[in-house]
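Got the viewer open and the cartoon view switched on? Let's take a walk through this protein, one selection at a time.

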Amino acid sequence: MILLLGVLLGWAVGRALGGSTMRLADPGFRWLWLPILSAIFQMCTTPLSQVIPLPVESWYSLIVVLTYGANVIFALANLRPLAGSLLILLGTVGNFAVIAVNGWRMPVSPSALHLPQLVAPAERLGYYMADSSTRLLWLGDILPLPLPLVGGYMSLGDIFLFLGVAVLIAGRMLMPLSPGRHQRATSSSHSL
């Protein structure tokens, strides 16, 4: 959800600054399907855990590697604007690191137990309530997220991802079209 908010913020800022949504379809903006696929994988893990006959522990780490790997490849394929890509990389690496060192689960702040709208981390696939054995807790879901529909807690990586997506979308909307795309757009307008 936080990434969708980043897309919406980036689009709104891009439009407010005179950017064009058409620039997001520029061939220079590569592999947008990777973060979309990553989000779909993450949304499908809980339903998959009900269907796949193997224990979750035997396949969940593969889902984490695939989803975070897709985000890294997307950011590296779209290094313009560099600030957005770097923020996406920082957020992805931070979230992946804390998940990987904690048994492929994201630690959640113990203070999250006091939130009535939050599903207990023990009941959510890929999450657990942080304890004294948690490593890199400062990268976990420890920052309160005071949004009514989203709620809960987020990580430092989530903040970097949110900002990175917003900067990348707004920046792409403000960039000139790639040379081939610009020539096609110009010749199309001359033929009308």
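We start with the whole chain and then stop at a few places along the way.

**The whole chain**

Keep in mind that this is a predicted model. Colour the cartoon by secondary structure and you should find 6 helices and 4 strands. Follow the chain along its sequence, and the elements come in the order α-α-α-α-β-β-β-β-α-α. Switch to a surface view next: of the 192 residues, 36% count as buried. How much of the contact between residues with a separation of 6 or more comes from residues 24 or more positions apart? Such pairs account for 67% of those contacts.

**First stop: the end of a helix**

Select residues 2–16, which form helix α1, and pick out Ala16. Is Ala16 buried or exposed? Its relative accessibility is 66%, and because the cut-off for exposed is over 50%, Ala16 counts as exposed. Now add Ala170 to the selection and draw a distance between the two C-alpha atoms: you should get 9.4 Å, although Ala16 and Ala170 are 154 residues apart along the chain.

**Second stop: a pair of helices**

Select residues 60–77 for helix α3 and residues 82–101 for helix α4. In general, two packed helices are described by the angle between their axes and the distance between the axes. Here the axes come within 9 Å and cross at roughly 165 degrees. An angle over 145 degrees counts as roughly antiparallel, so that is how α3 and α4 run relative to each other. The crossing of α3 and α4 is left-handed.

Show side chains to see what makes the contact. On α3, choose Val64, Val65, Tyr68, Asn71, Val72, Phe74, Ala75 and Leu76. On α4, choose Ser85, Ile88, Leu89, Thr92, Asn95, Phe96 and Ile99. Try colouring them by class: the contact has 11 nonpolar and 4 polar residues, with no charged ones.

**Last stop: a loop between strands**

Move on to β2 (127–129) and β3 (143–144), and select Asp131 in the loop that lies between them. With a relative accessibility of 43%, Asp131 counts as partly exposed. Which residue does the side chain of Asp131 join in a polar contact of 2.6 Å? Show Ser133, since its side chain is the partner. Finally, pick Ser109, which is 22 residues from Asp131 along the chain. The C-alpha atoms of Asp131 and Ser109 are separated by 8.6 Å.

Conventions: Residues numbered from 1 in each chain as written. Predicted model: local features only at pLDDT ≥ 70, side-chain atom pairs only at ≥ 80, totals over all residues. Heavy atoms only, no water. Helix = DSSP H or I, 4+ residues; strand = E, 2+ residues; numbered from the N terminus. Buried < 20%, exposed > 50% of the residue type's maximum accessible area, 1.4 Å probe, protein only. Polar contact = N/O pair within 3.5 Å; in protein donor to acceptor, adjacent residues only side chain to side chain. Axes fitted to C-alpha atoms, helices over the stretch in contact; angles between N-to-C directions. Parallel < 35°, antiparallel > 145°, perpendicular 65-115°, else oblique. Left-handed = near helix turned anticlockwise from the far one by under 90°. Contact = heavy atoms within 4.5 Å. Nonpolar A, V, L, I, M, F, W, Y, C, P; charged D, E, K, R; others polar.
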